[in-house]
Amino acid sequence: MDGMLRTSQLHLSLLPLAVLIGAAASADPITDHFPEAANSGCMKCHAGIELIREPDSQMMQQIMNHGREIGDPAGCVVCHGGDPTETKDKVAAHGGEDSTTFYPAPGSSWINQHTCGQCHPKHVDVQWTSLMMTEAGKIQGVCWAFGSLTGYEHRWANYGVSNPDDPNDRLGTQEYREYMERLKQIEPNVFVDSHEPLPDALKVDELHRLKEDTTLAAFTYIRQECQRCHHAVKGRQVRGDFRGIGCSSCHTPYSNEGFYEGGDPTVDRKATGHMLVHSIQGTREAQVTVHDTTYSGIPVETCTTCHDRGKRIGVSFQGLMETPYHSPYAADGGPQPALHTKHYLAMEQDVHYQKGMTCQDCHTSIDVHSDGFLAAANLASVQIECADCHGTPEKFPWELPLGYMDEFSMEPAVGSARGVATEQLAHTLQGYGYEPRDGFLLTARGNPYENVVRDGDDVIVHTAAGKDIRMKPLKTLIDEQAVSERGVVAMKGVAKHLDRMECYTCHASWTPQCYGCHVKVDYSQKDKCPECSESLEGFDWVAAGRMHEEPQHRNDRGEAGYDTMIPGKVTEQRSYLRWEEPMLGINGEGRVTPLAPGCQPSVTIIGEDGEPILLNHIYKTTPGLERSEDGQLAIDMSPTQPHTTTKNARTCESCHASRKALGLGIGATRPWDEEHIVDLETVDGKILPNTYQPQMEPIANLDHDWSQIVDKQGNQVATVGHHFQLSRAFTRDEQLHISREGTCLACHQDIPDKSLSVSFLHHVAEYTGQLPTTNAKHSSLVHKIMLMSAWLQFLLAIALPVLLIGGIWHWRRRARAKV
């Protein structure tokens with residue numbers, strides 16, 4: 001209701017209250033089901049507004065009962081506060097001037113202990129340790145790109161926060177708590193005890209400090225560009241990014257266009273920034289009706305209001321890939337409309353998305369809300385793995401040990417079978433409860449999957465949208481010969497694949513790869529720069545969040561009108577984009593994974609006088625970090641789960657015959673650390689005109705392509721992940737083990753006439769029309785040759801000893817006969 005009420009304030013201030021009362025819709029969803037609600041002062045203006053939940057739901061009944069207890073038969077003040085007896089004065093009805101007891105945005109993190117927390121105290125308590133609140137991983141990532149300012153330590157967050165003193169306060173099972181304590185010992189820089197508040201960005205009178213320390217620009221970049229998505233702010237209000245604040249970030253529906261389409265007559269239908277309807281979305285039982293369509297669950301598009309940047313997993317899941325082009329043209333002949341300020345290509349969608357699953361059907365409550373303890377990176381906070389539902393060719397999910405595919409070790413997890421659970425976690429019992437059947441499946445870390453159950457040897461995934469997807473685990477599919485030959489070979493024939501690799505390493509059909517992030521922070525100030533018509537500045541999202549901490553702003557529904565502008569304007573450009581077959585490396589769990597460009601900044605800083613202080617500069621890490629005595633280039637190639645899973649895996653050749661897959665780069669680009677001039681020139685490169693300008697300035701530290709992370713000797717030349725100890729590029733030995741580049745030469749170096757036997761067979765095949773002309777025929781021939789060679793060597797291995805033994809026996813027998 002937060003977005004709705006923002007415009008209602010403006011609307012109400014322009015019209016007399018009596019006019020609005022007369023304009024109230026005759027049909028009212030609340031009074032239709034709860035006639036006594038007509039006696040609430042709230043209904044004098046807001047008649048026609050949607051029920052927050054279905055009328056017969058337990059939640060709606062509790063709201064109405066509590067509303068009657070506190071004097072509001074419509075139940076509005078249970079969440080919104082205010083005075084339900086006031087019918088003439090809007091200000092009084094909303095609690096009076098400077099009210100601290102009226103909540104226009106009841107889901108806001110700053111006041112939700114008084115609203116959502118009445119029924120959901122645990123969820124409200126743990127919100128401050130959620131990664132979607134701290135954003136500590138993004139902060140550490142930018143600090144890394146500006147010279148590893150905090151090293152591997154995840155020191156800063158949007159707000160200062162600490163873990164509880166008692167480890168048993170962690171939400172989850174006892175097995176989960178013990179598991180997380182073990183991970184904390186392995187990765188203490190990620191599973192931290194506390195975060196300090198992010199330092200301030202430079203103020204106008206401090207800009208001179210940039211000439212002494214350019215890394216100070218990192219805090220301008222972080223605060224303006226990276227932190228708009230955390231839950232304690234309503235965030236950027238543009239097409240595709242409209243959302244609520246706090247709990248309402250996810251649990252209230254906003255369309256991409258940001259218009260209200262419900263029945264409250266006080267809401268301006270032409271103003272953006274409003275929730276689509278006044279209803280809560282969440283679990284399967286929470287039914288939301290928009291016009292004549294009813295749905296349940298949290299739509300993927302709600303998640304992509306934030307998950308469209310960084311690793312871009314939200315839009316990738318939907319099958320959207322960024323493009324710098326604005327085509328195809330829109331219906332009016334204009335450019336493709338911007339979504340999340342970007343433009344897109346339509347790509348293959350994740351198979352889970354195609355099956356009707358949403359983000360919440362895989363990701364657990366603890367994944368998103370937090371377990372109450374800090375986890376400073378995505379891999380740290382997410383407790384699920386593919387094998388949790390699909391199992392392996394040899395074992396059902398319930399037969400796997402805890403920690404499988406989540407090892408944080410170079411060896412696969414071992415141990416007793418994890419089994420199943422029979423009960424939900426206590427703090428999730430208010431959600432929709434499913435029949436456990438033969439038990440709830442367990443995550444890799446030991447918590448129940450409360451919407452995924454075992455039924456015999458099948459798995460049933462109960463989706464929030466209402467589907468019950470029955471699935472055969474991988475072991476069953478293998479036994480029923482329902483897996484392709486290529487799949488069987490990859491998973492069983494080469495068993496080491498599953499021991500060392502993530503499933504999505506092969507099954508991700510594409511991965512967004514934005515190579516080179518050219519960041520410019522322009523601090524030009526008109527009083528210091530004669531050519532400048534204005535002083536450049538941008539909005540500080542962290543400062544805006546902290547304004548909500550002040551009593552006079554705690555109840556604000558958003559950040560509109562906040563004066564948190566800071567000097568400096570941030571712009572970004574890329575070098576080039578790719579989506580096909582990403583390179584591979586090792587992630588923090590110790591497994592082979594796809595890699596994609598993380599934070600790869602080449603930084604340009606313009607001073608307050610409008611002159612460059614730093615130009616196309618790549619910072620280096622502190623010496624000794626990332627396997628480099630002199631400091632590694634702080635451009636990151638990040639381990640990623642692309643969220644583009646399909647049944648068809650990438651080909652063997654795409655890994656085993658690919659320089660890119662090994663981390664050796666795409667190739668074809670000329671050196672980035674050289675100046676490139678394009679003009680009339682002689683054939684030996686002498687530029688003819690005296691007047692010319694460089695087409696491309698050099699990037700001094702970059703002596704290889706953005707896509708290269710390691711050389712052929714196994715020397716890492718860029719960062720590969722900056723959160724976890726095990727993340728890295730392939731070593732020289734691993735490259736040699738993986739690479740099968742040039743395998744064709746093994747046969748064709750002697751074809752057609754460099755060997756008498758090969759030449760004979762080749763010419764016989766040529767004259768009889770048996771030369772392979774298709775891939776299938778070629779594969780069949782190679783397979784036949786392999787079998788013939790194997791049988792020949794096997795027979796020789798058997799025959800030679802037999803002949804030798806027989807010969808000795810025969811010789812000795814003849815020798816005795818002569819005697």
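**Exercise 1. How do the residues of the lining of the largest cavity divide into nonpolar, polar and charged?**

Before the solution, note that this is a predicted model, in which local features need pLDDT of at least 70 and side-chain atom pairs count only at pLDDT 80 or more, while totals for chains, interfaces and linings use all residues. Residues are numbered from 1 along each chain as its sequence is written, and side-chain values use heavy atoms, with hydrogens and water left out.

*Solution.* Begin with the search of the whole structure, which finds 1 cavity of 30 Å³ or more; a cavity is a set of points on a 1 Å grid over the protein atoms alone where a 1.4 Å probe fits but cannot get out, and its lining residues have an atom within 4 Å of a point. The largest cavity holds about 40 Å³ of space, a volume being the space filled by probe spheres set on the points. Next, list the lining: Phe242, Arg243, Ser249, Thr252, Pro253, Tyr254, Thr302 and Thr305. Sorting these residues gives 3 nonpolar, 4 polar and 1 charged.

**Exercise 2. Which parts does the salt bridge between glutamate 322 and arginine 312 tie together?**

*Solution.* A salt bridge is a side-chain nitrogen of Lys or Arg within 4 Å of a carboxyl oxygen of Asp or Glu, and the side chains of glutamate 322 and arginine 312 meet in one at 2.4 Å, N to O. Because glutamate 322 lies in strand E6 (residues 320–323) and arginine 312 in the loop between helix H14 (300–303) and helix H15 (313–318), the pair ties together parts that are 10 residues apart in sequence; helices (H or I, at least four residues) and strands (E, at least two) are DSSP runs, numbered from the N terminus. Finally, both glutamate 322 and arginine 312 are buried, where buried means under 20% relative accessible area, exposed over 50%, and partly exposed in between, with a 1.4 Å probe and protein chains only.

**Exercise 3. Place the salt bridge of lysine 492 in the chain, and state the exposure of its partners.**

*Solution.* Lysine 492 pairs with glutamate 394, the closest N and O atoms being 3.8 Å apart. Lysine 492 belongs to helix H22 (residues 485–493), whereas glutamate 394 sits in the loop between helix H20 (387–390) and strand E8 (440–442), so the pair ties together parts that are 98 residues apart in sequence. As for exposure, lysine 492 is partly exposed at 38% relative accessibility, while glutamate 394, with a relative accessible area of 51%, is exposed.

Note on methods. 1 Å grid on protein atoms, 1.4 Å probe; cavity = no way out; pocket = protein on both sides within 12 Å on 5 of 7 lines; lining within 4 Å. Nonpolar A, V, L, I, M, F, W, Y, C, P; charged D, E, K, R; others polar.
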